[in-house]
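Biologist: Before I use any of these labels at the bench, I want to hear what stands behind them. Please take me through the terms one at a time.

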Amino acid sequence: MQLLAGRLPVFGTWVSVQPATEFWHTDPLFHAVWPQVPSRQIDYRPGNATGDVRIVWELNRLQHLFALAMIAHHEPAQRQMAVNRLEADLQAWHVANPPGIGVNYLSAMEEALRLISLFHAYDLIRPWASSETRTIVAAIAAQHAPDIQRRLSLYSSAGNHTIAEATGLLYAGLLLPEYPGAARWRETG
């Protein structure tokens, strides 16, 4: 199975997860590398010098973590391998993406979609997840949720952006009730 071997699908192409930080900032189809600078300094609009930001965002939504969690949940013989792969990919993403740095913090909707994937995956592997994984999930959520709340799409991108952002806030507020701000995330969501 490709996911267990560290390969994940991006727009129909299977790409191998790489240990280098640059992997999570590289367009897997055209190999353009997005700068690892404060996200507000990155030009991502059409016509920029790097390419189509949506391709690298697809990779960074971390949707493959949910597929790995499904394997762990439903296939006991492959459980440990699936959990190990999920935890390795999550840790690599977390290390490669310090808060506010790089292309993966440009869009509140992208942060929300990442939270949804992350929480669904974590919920399925919770019995087998390491304490380090719980810490990483909580750290990502605690950083993403306030950022989403500050940048809700209420005007020009209202619609799918707003729905994704509200759902991400709702997940964070319900699944991390012990965090300061969780009640506000739930209410806003």
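Modeller: What follows goes through the cores, the helix pairs and a few single residues.

Biologist: What kind of model is this, and how are its residues numbered?

Modeller: This is a predicted model, in which local features need pLDDT of at least 70 and side-chain atom pairs count only at pLDDT 80 or more, while totals for chains, interfaces and linings use all residues. Residues are numbered from 1 along each chain as its sequence is written, and side-chain values use heavy atoms, with hydrogens and water left out.

Biologist: What makes a set of residues a nonpolar core?

Modeller: The term covers buried Ala, Val, Leu, Ile, Met, Phe, Trp, Tyr and Cys residues joined through side-chain atoms within 4.5 Å. Buried means under 20% relative accessible area, exposed means over 50%, and partly exposed is in between, with a 1.4 Å probe and protein chains only. The largest such core here has 44 residues, and Trp24 and Leu65 have the most contacts inside it.

Biologist: Which elements give two or more residues to this core?

Modeller: They are β1 (7-10), α1 (53-60), α2 (63-74), α3 (79-96), α4 (108-125), α5 (131-150), α6 (160-175) and α7 (182-188). The largest share, 8 residues, comes from α4. Helices (H or I, at least four residues) and strands (E, at least two) are DSSP runs, numbered from the N terminus. Another core, of 7 residues, lies apart from the largest one and includes Trp34, Ile42, Val53 and Trp57.

Biologist: What does leucine 65 touch?

Modeller: Not counting residues up to four places away in sequence, Leu65 touches Leu86, Asp89, Leu90, Leu118 and Ala121. Contact means heavy atoms within 4.5 Å.

Biologist: Why is α1 called largely enclosed?

Modeller: Because 6 of the 8 residues of α1 are buried. These are Val53, Ile55, Val56, Trp57, Leu59 and Asn60. What covers them includes β1, α3 and α4.

Biologist: Why are α2 and α3 called roughly antiparallel?

Modeller: Their axes cross at roughly 160 degrees and come within 7 Å. Axes are lines fitted to C-alpha atoms, for helices over the stretch in contact, and angles run from 0 to 180 degrees between N-to-C directions. Angles under 35 degrees count as roughly parallel, over 145 as roughly antiparallel, 65 to 115 as roughly perpendicular and the rest as oblique. The pair α2 and α3 is therefore roughly antiparallel.

Biologist: Which residues make the contact of α2 with α3?

Modeller: From α2 they are His64, Leu65, Leu68, Ala69, Ile71, Ala72 and His73, and from α3 they are Arg79, Ala82, Val83, Arg85, Leu86, Asp89 and Leu90. By class there are 9 nonpolar, 2 polar and 3 charged residues. Ala, Val, Leu, Ile, Met, Phe, Trp, Tyr, Cys and Pro count as nonpolar, Asp, Glu, Lys and Arg as charged, and the others, Gly among them, as polar.

Biologist: What makes α3 and α5 oblique to each other?

Modeller: The angle between α3 and α5 is about 40 degrees, with their axes 10 Å apart. That value falls in none of the named ranges, so the pair counts as oblique. The contact of α3 with α5 has 6 nonpolar, 4 polar and 2 charged residues.

Biologist: How do you know that histidine 64 is buried?

Modeller: Histidine 64 has 7% relative accessibility, so it counts as buried. This residue is found in helix α2. Leaving aside neighbours within four places in sequence, histidine 64 is in contact with Leu3, Leu8, Trp24 and Asp89.

Biologist: Why is alanine 108 called buried?

Modeller: Alanine 108 counts as buried because its relative accessibility is 5%. Alanine 108 lies in helix α4 and touches Ile148, Arg151 and Glu165, not counting residues up to four places away in sequence.

Biologist: Leucine 62 and phenylalanine 11 are left; is each of them buried or exposed?

Modeller: Leucine 62 has a relative accessible area of 0%, so it is buried. Phenylalanine 11 has 51%, so it is exposed. Leucine 62 is in the loop between α1 and α2 and has a positive phi of about 60 degrees although it is not a glycine. Phenylalanine 11 is in the loop between β1 and β2 (13-16), with a positive phi of about 50 degrees, and is not a glycine either.
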